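Q: Please take one part of this structure and look at it closely, following how it is built into its surroundings. I would like a connected account rather than a list.

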Amino acid sequence: MSDRKRPHNVLGEDEGSAGQKRPRGQSSAPSFIPPPSGGPPTADKIAAQIAAAKARAAQLTASRGQRAGESPTAGPATPAAPAAAAAPPKPAVPPLQIPAGPSVTDVQKKIAEIQRLVKKGKEQSLPVNPYLAAQQSKKAPTGPKGSGLNMAAHPLLADLTSPSSSGASTPTGAGKGKDKYKPMQPKFTSIKANARAATPSAGAATKSKHNPYVDPTLDEAALEGAEMPKERGRKQLKFVQPGKYTAIAEQKRKEAKLEELKQRIMESAKKAGIEAEFEVSEKAVRREPPPDVEWWDAPLLVNASYPSTSAPSDPAFASETKIRTPDSLITLYVQHPIPIPAPWDKNKTAPQDLKLTKKEMKKMRKQRRMAELQDRQDRVRMGLIPPDPPKVKLSNLMRVLTSDAVQDPTKIEARVRREMHQRKLGHEQTNEERKLTKEERHEKMDAKRAENEKVAGPQGAVFKIKYLSNPSHKFKVRKNAEQHGLSGCCIFNPKFSLVYVEGADKSVKAYKRLMLVRIDWTDEGRAAAAASDDEDEEGGEKKADGERERAEGEEEPQSLKDNKCELVWAGPIRERAFKTFRPKQAPTDSIAKDFLGPNLAGYWDTARAMKDED
């Protein structure tokens with residue numbers, strides 16, 4: 001017989017025939033009952049066959065329930081009973097036999113075995129691709145457990161899937177090689193942000209579950225909220241602002257130049273011999289700390305400290321201050337301070353008159369005199385004032401006094417001469433009355449200089465004189481400064497003499513000419529001994545012997561052959577430093593600088609550093 005598959009036994013076979021193979025020589029019984037050969041089946045026969053099939057199906061169901069340990073259900077067989085009863089009696093049909101299936105216990109054992117194999121396969125399965133984990137978690141499982149990526153690996157591939165041989169599964173290997181699970185990026189242009197969002201990294205899925213920095217010995221309940229620490233973010237780029245390093249380099253250059261300038265000043269000071277004058281210690285530069293009590297608050301405080309509270313209603317405030325006490329400086333009287341002009345008022349210039357040329361000034365004077373003469377003539381015509389007497393001179397004598405001059409010319413000539421003399425005296429007397437006195441003239445000149453100084457600003461000049469020992473030179477230096485309205489000083493030092501003057505521009509200009517041009521600084525003057533000899537020859541009183549010996553014992557006066565005066569500095573200044581012209585003897589440099597003050601002490605150093613020009 002052929003080995004073809006046979007059709008399923010639907011209608012019925014015995015239980016043993018269903019589960020066992022028959023010998024080759026034995027034929028199998030038909031799986032269905034052939035119809036009788038008497039003729040085609042009728043409707044009644046077909047109904048009887050259907051009823052018999054239903055009864056056999058109910059019997060098969062009942063037998064399976066008994067084998068499973070369940071109570072047989074006769075529900076499906078009940079509707080067939082009335083049908084069988086209603087049918088006419090038929091010939092007996094053999095019952096349909098269906099082979100019995102496996103028991104429930106066997107099925108449960110097989111399910112447990114399958115679950116055990118699936119669990120074992122998961123433990124030995126390959127590592128999961130993290131890039132597909134999110135997609136797989138969303139999909140419903142379609143195949144049996146232990147299939148697909150979760151299927152157990154073949155024994156021959158165990159070495160390849162072990163953690164020691166796989167570089168991607170170890171922490172060290174993950175950093176060295178490329179991620180083999182990462183899907184290939186497309187060859188065309190795409191948005192990198194979307195690509196990073198769609199393909200999470202392999203470590204992102206595991207870092208949130210396992211924290212390697214947590215102690216595993218702790219209780220699991222305490223580790224429920226423990227998460228992987230956040231990965232340190234990449235430092236952002238910090239661009240240097242344009243010009244930053246250029247400004248730093250420029251600042252360093254300025255400091256280097258300042259140090260170089262200080263060195264040059266010190267070297268020049270050493271050469272000039274005034275290095276001690278330029279040495280300034282840090283103590284002199286350092287400022288003193290603020291006082292505990294300001295000077296304007298000291299009269300209002302009992303002790304040399306401020307009160308502990310600032311509330312006027314506090315008794316401690318009243319006891320520590322002198323505000324509401326009888327001896328307090330604060331009274332009910334109002335003190336009106338003296339108004340002080342603003343500093344910028346002195347810089348204001350008054351509106352100046354219109355400047356006229358010489359021709360315009362003459363024309364204006366002529367017009368003014370004509371107007372005055374016309375007004376006088378009008379008053380004479382109206383009889384308000386007497387008319388002026390006729391101005392008779394020898395030249396117009398005959399023309400003015402016609403008849404009188406002919407009758408007595410000598411008398412008329414004497415009268416005319418007398419009138420001429422009278423007019424001259426009157427004119428001179430008027431001029432003398434209009435003339436200013438010496439004091440008024442000086443006041444007028446001083447006022448004019450002050451006005452000029454107010455408009456143009458004060459000027460200053462510094463002179464260095466090698467030898468200022470001649471009394472005549474001393475007198476000229478002092479007297480001319482006073483006459484020109486200049487203030488300043490004349491400092492006498494064994495090395496040289498310094499003259500400083502300040503005042504109006506015109507006065508300083510005249511004094512500068514006096515010092516540099518007019519005075520002969522090499523003139524030694526007449527010797528005292530020669531003067532005394534001249535007086536003796538002229539019959540004067542002779543000196544005593546003691547006085548003559550003392551005069552002979554005195555040192556000879558210093559020679560003025562190489563004496564000269566140099567201009568150290570000249571220019572505008574802000575304001576005057578002296579009220580009058582004062583002489584001063586300064587044997588040392590410190591005394592001279594203290595006398596000049598901090599604003600003018602530099603002139604002394606400049607004059608001392610000047611070298612003589614051959």
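**The central strand and its neighbours**

A: In this predicted model, Gly488 stands opposite Val501 in strand 3, and that pair is a convenient place to enter the sheet. Gly488 belongs to strand 2, where it points the same way as Cys490 and Phe492, while Val501 lies on one side of strand 3 together with Ser497, Val499 and Gly503. Strand 2, which covers residues 487–492, pairs with strand 3 in the antiparallel sense over six bridges, and the two strands form a hairpin with four residues between them. Further along this pairing, Ile491 stands opposite Leu498 of strand 3.

Strand 3 itself runs through residues 497–503, and seven of its seven residues are buried. In a regular strand the side chains alternate between the two faces of the sheet. Here Ser497, Val499, Val501 and Gly503 make up one side, with Leu498, Tyr500 and Glu502 on the other, and both faces are covered, each of these residues being buried.

The other pairing of strand 3 is with strand 1, residues 459–465, and it is again antiparallel, extending over seven bridges. Two of the partners can be named: Gln459 is matched with Gly503 of strand 3, and Lys464 with Leu498 of strand 3. Leu498 is thus a bridge partner of Lys464 and also the residue that Ile491 stands opposite.

Taken as a whole, the sheet is an open one of five strands in the order 4-1-3-2-5, with mixed pairing. The twist averages 10° from one strand to the next. Strand 4 (565–572) and strand 5 (581–585) stand at the edges, and because each has a single partner strand, one side of each is left without a neighbour in the sheet. The parallel component of the sheet includes the pairing of strand 2 with strand 5, which are joined by five bridges, and in that pairing Ile491 has Lys584 of strand 5 as its bridge partner. Ile491 therefore has a place in both pairings of strand 2, opposite Leu498 of strand 3 on one hand and bridged to Lys584 of strand 5 on the other.

Strand 2 is largely enclosed by the rest of the structure, since six of its six residues are buried. Ser487, Cys489 and Ile491 point one way from the strand and Gly488, Cys490 and Phe492 the other way, with burial on either side. Cys489 counts as buried because its relative accessibility is 0%, yet burial does not bring its sulfur to a bonding partner: the closest cysteine sulfur, in Cys490, is 7.6 Å away, which is too far for a bond. A search of the whole structure likewise finds zero disulfides. Cys565, at the start of edge strand 4, is also buried, with a relative accessible area of 14%.

Two helices adjoin these strands in sequence. Helix 19 spans residues 471–483 and helix 20 residues 505–518, and their axes come within 10 Å of each other, crossing at roughly 170°. At that angle helix 19 is roughly antiparallel to helix 20. The residues that make the contact are Lys476, Val477, Asn480 and Ala481 on helix 19, and Tyr511, Leu514 and Met515 on helix 20. The crossing of helix 19 and helix 20 is right-handed.

Ser472 is one of the residues of helix 19. In contrast to the buried strands described above, Ser472 counts as partly exposed because its relative accessibility is 35%. Ser472 and Trp521 are separated by 49 residues in sequence, but their C-alpha atoms are 9.9 Å apart in space.

For context, the chain has 24 helices and five strands. Of its 614 residues, 16% count as buried, and it is within such a chain that strand 3 has seven of seven residues buried and strand 2 six of six. Among contacts in the chain between residues at least 6 apart in sequence, 64% join residues at least 24 apart.

Note on methods:
Residues are numbered from 1 along each chain as its sequence is written. This is a predicted model: local features need pLDDT of at least 70, side-chain atom pairs count only at pLDDT 80 or more; totals for chains, interfaces and linings use all residues. Side-chain values use heavy atoms; hydrogens and water are left out. Buried means under 20% relative accessible area, exposed over 50%, partly exposed in between (1.4 Å probe, protein chains only). Two strands pair if DSSP finds at least two bridges between them. A disulfide is a pair of cysteine sulfur atoms within 2.5 Å. Axes are lines fitted to C-alpha atoms, for helices over the stretch in contact, and angles run from 0 to 180 degrees between N-to-C directions. Angles under 35 degrees count as roughly parallel, over 145 as roughly antiparallel, 65 to 115 as roughly perpendicular and the rest as oblique. A crossing is left-handed if the near helix is turned anticlockwise from the far one by less than a right angle, and right-handed if clockwise. Contact means heavy atoms within 4.5 Å.
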